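Student: I should like to work through a structure step by step. May we proceed by question and answer?

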Amino acid sequence: MRLPPKYTQMTAVAVLAGATLVTLAALFFIIVFVLHKGLPVVSWRFLFTNPQEMGRAGGIFPTLVGSVLLPLLGIAIAMPLGVGTAVYLTEYTRETKVTQVIRFGTDCLAGIPSIIFGLFGFIFFVVILRMGWSLLSGGLTLAIMILPTIIRTSEEAIRAVPYAYREVSFSLGATRWETVVKVVLPNALPGIVTGLMLGIGRCISETAAVIFTAGSSLRLPQSAFDSVRTMAVHFYILAREGLSNENAYGTAAVLILAVLLVNLTAYWLMHRFIARRTK
Amino acid sequence: MSDAKIIVRRLSVFFGPVQSLRWVSLEVPRNRILGIIGPSGSGKTTFLRTLNRLNDLTPSTHIEGEVLLDGEDIYHPNYDVVRLRKRVGMVFALPVPLPMSIYDNVAYGPRLSGVRARERLDELVERSLKAAFLWDEAKDRLHTSALRLSGGQQQRLCLARTLAMEPEVILLDEPCSGLDPISTAKIEEALTALKTRYTIILVTNNTKQAARVADDAAFFLMGELIEFGPTGQIFTVPRDPRTNDYVTGRFG
């Protein structure tokens with residue numbers, strides 16, 4: 001039996017709206033729950049003092065520093081490699097079997113669980129290269145972990161730049177590199193930034209790969225070869241060892257706010273950039 | 001040296017196994033407007049794009065024959081393609097302003113050539129926009145986005161952008177296909193004024209336009225050059241019956 005179009009239309013609206021509602025409700029519930037439990041603990045003191053008794057008391061300052069430095073290092077390594085690879089694959093090579101294999105490979109890498117990257121980082125950076133549990137090992141591991149995402153999002157963003165722009169640029173006597181710098185990258189930037197933000201987000205919230213490679217020291221790192229603990233790891237340890245549920249929720253609340261802040265800043269920067277170019 | 005700016009000898013272009021141009025030979029006289037006419041798919045655009053080697057960008061393109069610019073073979077392995085494209089400018093069928101300001105669009109070519117001085121750029125932008133009959137409409141909004149211009153204005157901007165490179169040859173690929181009669185008239189006026197300083201090749205689907213502005217005309221059909229001669233002759237006493245059929249509107 002076929003329903004009249006009017007009813008299929010109504011059903012479609014109801015189902016789709018329902019799906020949206022469930023998604024938003026789950027998200028909203030998690031955020032509100034964590035903030036409700038965590039925010040009462042958060043204060044300037046909590047943010048900027050050292051933990052005491054393994055985190056049972058005191059603040060989270062060193063983990064805050066870790067959560068800033070480690071993703072920054074990861075993205076600083078992954079960005080030039082990832083965007084460079086994407087530019088090379090899209091602008092400097094023709095579509096061949098090799099590029100298809102590379103693309104398939106990156107897609108596979110993007111789907112590998114982070115703990116595998118952690119294990120690789122541990123064996124390669126920490127043990128073989130003797131970097132130990134350190135900011136550097138962690139940053140390199142995170143960089144490798146987010147590279148596939150950055151490559152693929154950058155590639156999509158670059159491909160979305162109209163071909164006509166390139167033709168115009170070439171016809172005006174630009175070299176390939178000049179075209180990339182002056183036309184392709186500026187127009188792909190919003191998409192590239194989105195990929196980078198996704199990468200930073202994954203770095204900030206990563207636990208498994210970080211414990212294996214950056215360790216979990218609660219001291220402030222003095223150099224790139226010192227071990228650090230990130231907020232995500234701190235939360236994991238506090239919760240798992242049953243050290244302090246309040247401080248765990250407090251850390252989680254700060255983590256959520258940090259991710260929110262990073263995203264808002266990125267969107268603000270991007271809109272400013274777009275507005276400037278199209279005013 | 002002959003008076004030809006561009007000499008094309010037995011030029012064939014293949015895209016993969018498909019031959020799009022068949023043994024075209026043609027001499028383009030300098031400081032005149034050559035109108036290229038012919039139905040869609042006749043190879044007009046392909047011909048135009050071989051003259052600044054834009055076909056190079058299309059994978060699996062293969063070219064045979066010779067194209068000489070001022071006597072130099074532009075397909076010689078040592079020929080500098082970037083310099084060629086600065087000497088042979090192109091205006092595309094669809095106006096494609098780059099998503100930047102009007103000023104930056106026009107200054108794009110000169111900046112690539114290393115022009116940095118503000119006064120020099122200002123002067124080039126003003127002169128090019130004037131030559132493309134866009135200055136009066138654009139002078140108060142040079143630093144607003146070129147995307148906010150109308151279609152006709154955008155096409156004149158593209159012409160100005162090409163002129164700003166100070167090329168020797170200007171290729172136009174159906175530049176008026178999406179434009180209203182008034183914008184078309186403005187472009188045609190600009191071209192007529194420009195031919196004293198440039199060699200212009202105009203591909204057009206509009207035979208009337210070719211008759212109006214071109215000094216010489218070439219008729220392409222299915223990848224072959226059927227007839228080439230002064231516009232008056234092509235439109236009044238063509239030698240080939242196919243040319244006659246086309247210009248009198250019997251097909252195409």
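The questions below concern the model shown above.

Tutor: This is a predicted model, in which local features need pLDDT of at least 70, side-chain atom pairs count only at pLDDT 80 or more, and totals for chains, interfaces and linings use all residues. Residues are numbered from 1 along each chain as its sequence is written, while chains are lettered from A and ligands numbered from 1 in the order in which they are written.

Student: What is the mean pLDDT of chain B?

Tutor: pLDDT is the predictor's confidence in each residue, from 0 to 100. In chain B, 98% of the residues reach 70 or more. The mean pLDDT of chain B is 91.

Student: How many helices and strands are there in chain A?

Tutor: Helices (H or I, at least four residues) and strands (E, at least two) are DSSP runs, numbered from the N terminus. Along the sequence, the pattern of chain A is α-α-β-β-α-α-α-α-α-α-α-α-α. The count for chain A is 11 helices and 2 strands.

Student: How many residues does each domain of chain A give to the contact between them?

Tutor: Domain bounds come from an automatic or database domain assignment, which gives domain 1 (5–41) and domain 2 (44–278) in chain A. Two residues are in contact if their C-beta atoms, placed from the backbone, lie within 7 Å. The contact takes 7 residues from domain 1 of chain A and, from domain 2 of chain A, 8 residues.

Student: How many residues does each chain give to the contact between chain A and chain B?

Tutor: Chain A gives 17 residues to this contact, and chain B gives 22 residues. On the side of chain B that touches chain A, the elements giving two or more residues are α2 (81–87), β6 (88–91) and α3 (102–112) of chain B.

Student: Which helix of chain A gives the most to the largest nonpolar core?

Tutor: A nonpolar core is a set of buried Ala, Val, Leu, Ile, Met, Phe, Trp, Tyr and Cys residues joined through C-beta atoms within 7 Å. A residue is buried if 20 or more other C-beta atoms lie within 10 Å of its own, exposed if 12 or fewer, and partly exposed in between, with C-beta atoms placed from the backbone. The largest core has 135 residues, and those with the most contacts inside it include B:Ile36 and B:Leu171. With 13 residues, the helix of chain A that gives the most to this core is α6 (residues 135–159).
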